[in-house]
Amino acid sequence: MLESWKDYCPYCGERIELLIDPSLAGEPYFEDCEVCCRPMRVSVSDGDAPLGADSWAQAIEELPASASDSGLQVQLQREDEV
């Protein structure tokens, strides 16, 4: 089941919503920003294995209730930082 995740694009800084598949935990993939269309690396963790640094947007706002309840962690990175 897909879960909604709200974060900020690491390029343009606009608020975006991603549909995250928890079964992809541990396997990064690329998704384009819905605003600026630049590719972002999306890393998903089930909460058991830390992602390292948290997404910079998580410091700005609390995690959505659905994401914190499921234990998912999501990190967005610019493609040129990978």
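This passage walks through the fold of a single chain, from its overall make-up to a few individual residues.

The model is a predicted one, and its confidence is uneven. The average pLDDT over the chain is 75, and 67% of the residues reach at least 70. The weak spot is the stretch 49-68, where pLDDT drops below 50, even though the model gives this stretch 34 contacts beyond near neighbours in sequence. Where pLDDT is low, predicted coordinates should not be read in detail.

As for the general build, the chain holds five strands and one helix. Going along the sequence, these come in the pattern β-β-β-β-α-β. The chain has 82 residues, and 29% of them count as buried. Its accessible surface adds up to about 4,900 Å², with carbon and sulfur atoms accounting for 47% of that. Of the contacts between residues at least 6 apart in sequence, 50% link residues at least 24 apart.

The strand pairings start at the N terminus with a hairpin. Strand S1 (residues 3-8) runs antiparallel to S2, and six bridges hold the pair together on paper. Six residues lie between S1 and S2, and in that turn Gly-13 takes a positive phi of about 80°. Within the pairing, Lys-6 sits opposite Glu-17 of S2.

S2 itself shows two quite separate faces. Ile-16, Leu-18 and Ile-20 make up the covered face, while Arg-15, Glu-17 and Leu-19 make up the uncovered one. That fits a general rule: in a regular strand, side chains alternate between the two faces of the sheet. Glu-17, the residue opposite Lys-6, is thus listed on the uncovered face.

The other strands form an open sheet of three, in the order S3-S4-S5, with antiparallel pairing. Strand S3 (29-32) and S5 are the edge strands, each pairing on one side only. From one strand to the next, the twist averages 35°. Strands of a sheet pair through backbone hydrogen bonds, either parallel or antiparallel. Here, S3 and S4 are joined by four bridges and run antiparallel, and S4 and S5 are joined by six, again antiparallel. One of the partnerships between S4 and S5 links Ser-45 with Gln-73 in S5. S4 is mostly covered, with five of its seven residues buried.

S3 and S4 also form a hairpin, with six residues between them. Cys-37 is found in the loop between S3 and S4. Its phi is positive, about 65°, although Cys-37 is not a glycine. Is Cys-37 buried or exposed? With a relative accessibility of 54%, Cys-37 counts as exposed, because the cut-off for that label is over 50%.

Phe-30 is worth a look too, as a residue of strand S3. Its relative accessible area is 47%, so Phe-30 is classed as partly exposed. Across the pairing, Phe-30 stands opposite Arg-41 in S4. Apart from neighbours within four places in sequence, Phe-30 touches Met-40, Arg-41 and Glu-79. Phe-30 and Val-42 are 12 residues apart in sequence, with their C-alpha atoms 5.8 Å apart in space.

That leaves the interior. In soluble globular proteins, nonpolar side chains tend to be buried together. The largest nonpolar core in this chain has 14 residues, and those with the most contacts inside it are Ile-16, Leu-18, Ile-20, Met-40, Val-42 and Leu-76. At least two residues of this core come from each of strand S2 (15-20), strand S4 (39-45) and strand S5 (73-78). The covered face of S2, namely Ile-16, Leu-18 and Ile-20, appears in full among those well-connected core residues.

Which residues does Leu-18 contact, leaving aside its neighbours within four places in sequence? Leu-18 is in contact with Glu-3, Ser-4, Trp-5, Glu-31, Met-40, Val-42 and Leu-76. Among these partners, Met-40, Val-42 and Leu-76 also belong to the residues with the most contacts inside the core.

Key:
Residues are numbered from 1 along each chain as its sequence is written. Side-chain values use heavy atoms; hydrogens and water are left out. A nonpolar core is a set of buried Ala, Val, Leu, Ile, Met, Phe, Trp, Tyr and Cys residues joined through side-chain atoms within 4.5 Å. Buried means under 20% relative accessible area, exposed over 50%, partly exposed in between (1.4 Å probe, protein chains only). Contact means heavy atoms within 4.5 Å. Two strands pair if DSSP finds at least two bridges between them. Axes are lines fitted to C-alpha atoms, for helices over the stretch in contact, and angles run from 0 to 180 degrees between N-to-C directions. Accessible areas come from the Shrake-Rupley method with a 1.4 Å probe; for residues, only the protein chains shown count as cover. pLDDT is the predictor's confidence in each residue, from 0 to 100.
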